[in-house]
Amino acid sequence: MNYLSVENISKSFGERVLFTDISFGINKDQKIAFIARNGTGKTSLLNIITGRDIPDTGQVVSRNGIYIGFLPQEPDLKPGLTVEETIFVSENKILKIIRAYEEALQNPGEAEVYQRAFEQMELHQAWDFETRYKQILSKLKLDDLSQKVSSLSGGQKKRLALATVLLNTPDLLILDEPTNHLDLEMIEWLESYFARENMTLFMVTHDRYFLERVCNEIVELEDGKLYTYKGNYSYYLEKKEARIEAEKASVEKAKNLYVKELDWMRRQPKARTSKSKSRIDDFHVIKEKAHQRRKDHQVQLEINMERLGSKIVELHNVSKAYGEKKILRKFQYVFRRGERVGIIGKNGTGKSTFLNLLTGAIAPDSGKVVIGETVKFGYYTQSGIEVKPGQKVIDVIRAFGDYIPLMKGKQISAAQLLERFLFDRKKQYDFVEKLSGGELKRLYLCTVLIRNPNFLILDEPTNDLDIITLNVLEEFLLDFPGCLVVVSHDRYFMDKITDHLLVFKGDAEIEDFPGNYTDYRTYEDSAPPAEKEGRATDTDSTSGKEKNTWRKDVNKGLSYNEQKEYNRLEKDIRKLEEEKKEIEAMFSDESMDGGRIDELSVRLKEILSAIEEKTDRWLELSYKD
């Protein structure tokens with residue numbers, strides 16, 4: 001079933017053409033990723049599909065009656081609302097079903113209306129809506145439901161917008177970089193969510209593991225043409241390579257034919273027959289084919305690096321805290337030449353603080369950070385580049401010099417360096433404020449690397465970079481001879497360039513792990529069951545869903561709030577029964593002193609009283625007319 005068709009659309013801004021005459025369709029149950037270079041119009045295409053912009057030519061046709069959800073890179077939320085209020089003011093069809101059910105309860109004489117409302121509640125599993133939205137907000141670390149949107153960080157706003165669009169359960173969900181501002185745990189949860197939910201997806205993302213595990217089709221825009229690959233990221237890489245090889249063979253064949261036809265053209269007299277004119281027309285087609293050149297622009301960064309001495313960076317008994325929040329506690333570490341350290345951990349565990357301690361941007365509360373005399377930091381921060389009005393791209397690079405020294409005594413001009421970073425000569429004279437988010441990140445990365453660092457620190461370098469630029473960056477980092485420290489939620493990137501992890505677990509606990517991210521996940525998954533239980537929450541181990549204790553045979557006359565109360569009572573009674581058993585087991589310990597026995601006896605009496613009270617209310621709701 002076709003949900004949406006993009007028919008021959010084009011878009012340009014002045015002389016800048018983003019795409020011309022492109023067409024594709026989105027069908028039910030497809031999970032499609034759209035791949036293209038930064039600045040080629042990925043976000044513009046999503047805005048056109050969702051009706052936020054219009055194409056210069058062509059049209060977008062969607063199926064009648066389908067609901068399309070959209071997660072933009074910069075969500076538009078009402079600052080005066082709380083987190084919970086934002087969920088309830090959204091265009092959520094489940095909320096409409098709940099309201100219809102409540103209205104039907106107010107009119108008991110309308111049996112058919114009530115029956116339809118009840119069936120809709122059953123069909124859309126609306127009974128457990130509160131459980132679902134609290135679970136999703138919890139997974140996305142939005143636990144304070146009363147917090148105002150105006151006080152949220154940019155990342156928290158993006159996560160709230162994601163929660164809202166997921167709860168709206170759209171027929172077609174369109175996502176622009178959904179994994180930005182999510183930590184690794186959140187990303188893995190989102191992967192499993194999309195795997196088990198019956199949703200049709202169309203997304204722009206640079207997260208290649210996400211592409212691998214979620215998407216079943218990839219659409220790539222390259223040099224103005226669309227290429228479709230019916231498979232995940234591994235399949236895409238394999239088939240794209242085969243396509244490129246076929247194109248090279250075709251161009252080579254055209255070159256050989258071109259040489260032959262060129263000789264014929266030179267030998268032809270001025271007066272030609274109509275048959276000759278046809279061959280001449282063919283010659284021009286062959287010439288164009290023979291002169292095709294792939295615009296891969298393989299970036300070869302051979303920046304000269306000052307040699308590191310024997311002392312690099314040493315942390316001796318370093319402690320750091322912000323109030324009650326502990327980041328480091330007597331932490332010790334000595335960096336060695338050529339180390340490639342990845343830093344992972346949940347948001348808020350102190351990863352960026354650690355980087356600032358390394359570079360001396362902030363001071364430790366106690367202990368000391370010793371930096372070697374030969375160390376030259378290159379620090380790529382999340383804040384990015386400062387855009388100055390009227391500044392051109394090439395001026396940003398020339399601020400660091402007209403020429404950059406390379407290996408073996410060579411040098412490269414600022415313009416040549418920009419070309420290697422995929423900025424052609426025309427783009428170099430664009431104003432910086434006209435660049436896309438990804439292009440700004442690429443330019444900022446260039447300004448960090450050209451300073452010849454020998455200790456490179458990258459804080460979330462993959463955000464907003466397209467896959468092509470990521471591959472370029474990875475190839476450079478694999479050859480980088482200095483020390484490398486990376487904070488990133490991009491698991492593919494981390495696996496490829498790091499061989500050692502510092503895992504920030506919170507409360508100043510840091511694990512030193514000798515391997516990459518996949519190695520660490522394998523190690524974590526292989527932990528003994530008893531160890532895992534200590535970390536587990538009340539979730540279903542196979543799907544990650546909270547255990548749903550809603551009974552389908554609950555009396556149909558209950559209101560929505562009474563249904564919620566009934567569910568809550570079942571959970572409370574179960575927990576109290578478990579605590580009762582634990583206390584009764586403790587009484588068998590003969591070594592327990594009298595004071596402890598008295599304390600447990602009082603608690604057991606409270607539990608028995610609470611069980612009796614809650615059971616009475618549970619029975620009352622069970623038999624309610």
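Modeller: A residue is called buried under 20% relative accessible area, exposed over 50%, and partly exposed in between. The model discussed here is a predicted one.

Colleague: Is F377 buried, partly exposed or exposed?
Modeller: The relative accessibility of F377 is 24%. The partly exposed class runs between the limits of 20% and 50%. F377 therefore counts as partly exposed.

Colleague: What geometry does the aromatic pair of F377 and F455 have?
Modeller: The ring centres of F377 and F455 are 5.1 Å apart, and the planes stand at 70 degrees. Planes over 60 degrees apart count as edge-to-face. The pair of F377 and F455 is edge-to-face.

Colleague: How many residues apart in sequence are the parts that the pair of F377 and F455 ties together?
Modeller: F377 belongs to strand β14 (residues 377-380), while F455 belongs to strand β17 (residues 455-459). F455 has a relative accessible area of 0%, so F455 is buried. Because the two rings lie in these two strands, the pair joins parts whose separation in sequence is 78 residues.

Colleague: Which residues do ring pairs link into a cluster with F377 and F455?
Modeller: The protein has 27 aromatic pairs. Pairs of this kind connect F377 and F455 with further rings in one cluster. The other members are F331, Y333, F335, F354 and F504.

Colleague: Which residues of helix α11 are buried?
Modeller: Helix α11 covers residues 351-359, and just after α11, G360 has a positive phi of about 85 degrees. F354, a member of the ring cluster, is among the buried residues of α11. The buried residues in α11 are K351, T353, F354, L355, L357 and L358.

Colleague: How is the aromatic pair of F476 and F480 classed?
Modeller: F476, at 9% relative accessibility, counts as buried, and F480 is buried too, at 7%. Their ring centres are 5.9 Å apart, with 50 degrees between the planes. Planes under 30 degrees apart count as stacked and over 60 as edge-to-face, with the rest tilted. The pair of F476 and F480 is tilted.

Colleague: What is the relation of α5 to α6 in direction?
Modeller: The axes of α5 (residues 129-139) and α6 (residues 154-167) come within 10 Å and cross at roughly 150 degrees. An angle over 145 degrees counts as roughly antiparallel. This makes α5, relative to α6, roughly antiparallel.

Colleague: How many residues of the contact of α5 with α6 are charged?
Modeller: The crossing of α5 and α6 is right-handed. From α5 the contact takes F129, R132, Y133, I136 and L137, and from α6 it takes L160, A163, L166 and L167. Eight of these residues are nonpolar and none is polar, and the number that are charged is one.

Colleague: What is the handedness of the crossing of α3 and α4?
Modeller: Helices α3 (residues 93-105) and α4 (residues 111-123) have axes 9 Å apart, at an angle of about 150 degrees. That makes α3 roughly antiparallel to α4. The crossing of α3 and α4 is left-handed.

Colleague: How many residues of the contact of α3 with α4 are polar?
Modeller: On the α3 side are I97, I98, A100, Y101, A104 and L105, and they meet V113, Y114, A117, F118, Q120 and M121 in α4. Eleven of the contact residues are nonpolar and none is charged, so by the class rule the number that are polar is one.

Colleague: What distance separates the C-alpha atoms of S559 and E103?
Modeller: S559 sits in the loop between α19 (529-535) and α20 (560-586), and S559 is buried at 17% relative accessible area. Leaving aside residues up to four places away in sequence, S559 touches Y101, E102 and L105. S559 and E103 are 456 residues apart along the chain, yet their C-alpha separation is 9.9 Å.

Colleague: Where is S488 found?
Modeller: S488, at 3% relative accessibility, counts as buried. Not counting residues up to four places away in sequence, S488 touches several residues, including L184, I343, I344 and T462. From S488 to T462, 26 residues away in sequence, the C-alpha distance is 7.2 Å. S488 is found in the loop between β18 (483-487) and α17 (491-497).

Colleague: What share of the contacts with a separation of 6 or more comes from residues 24 or more positions apart?
Modeller: The protein has 21 helices and 20 strands. Of its 625 residues, 46% count as buried. Among contacts with a separation of 6 or more, the share from residues 24 or more positions apart is 67%.

Key. Residues numbered from 1 in each chain as written. Predicted model: local features only at pLDDT ≥ 70, side-chain atom pairs only at ≥ 80, totals over all residues. Heavy atoms only, no water. Axes fitted to C-alpha atoms, helices over the stretch in contact; angles between N-to-C directions. Helix = DSSP H or I, 4+ residues; strand = E, 2+ residues; numbered from the N terminus. Parallel < 35°, antiparallel > 145°, perpendicular 65-115°, else oblique. Left-handed = near helix turned anticlockwise from the far one by under 90°. Contact = heavy atoms within 4.5 Å. Phe/Tyr/Trp six-rings, centres within 6.5 Å; stacked < 30°, edge-to-face > 60°. Buried < 20%, exposed > 50% of the residue type's maximum accessible area, 1.4 Å probe, protein only.
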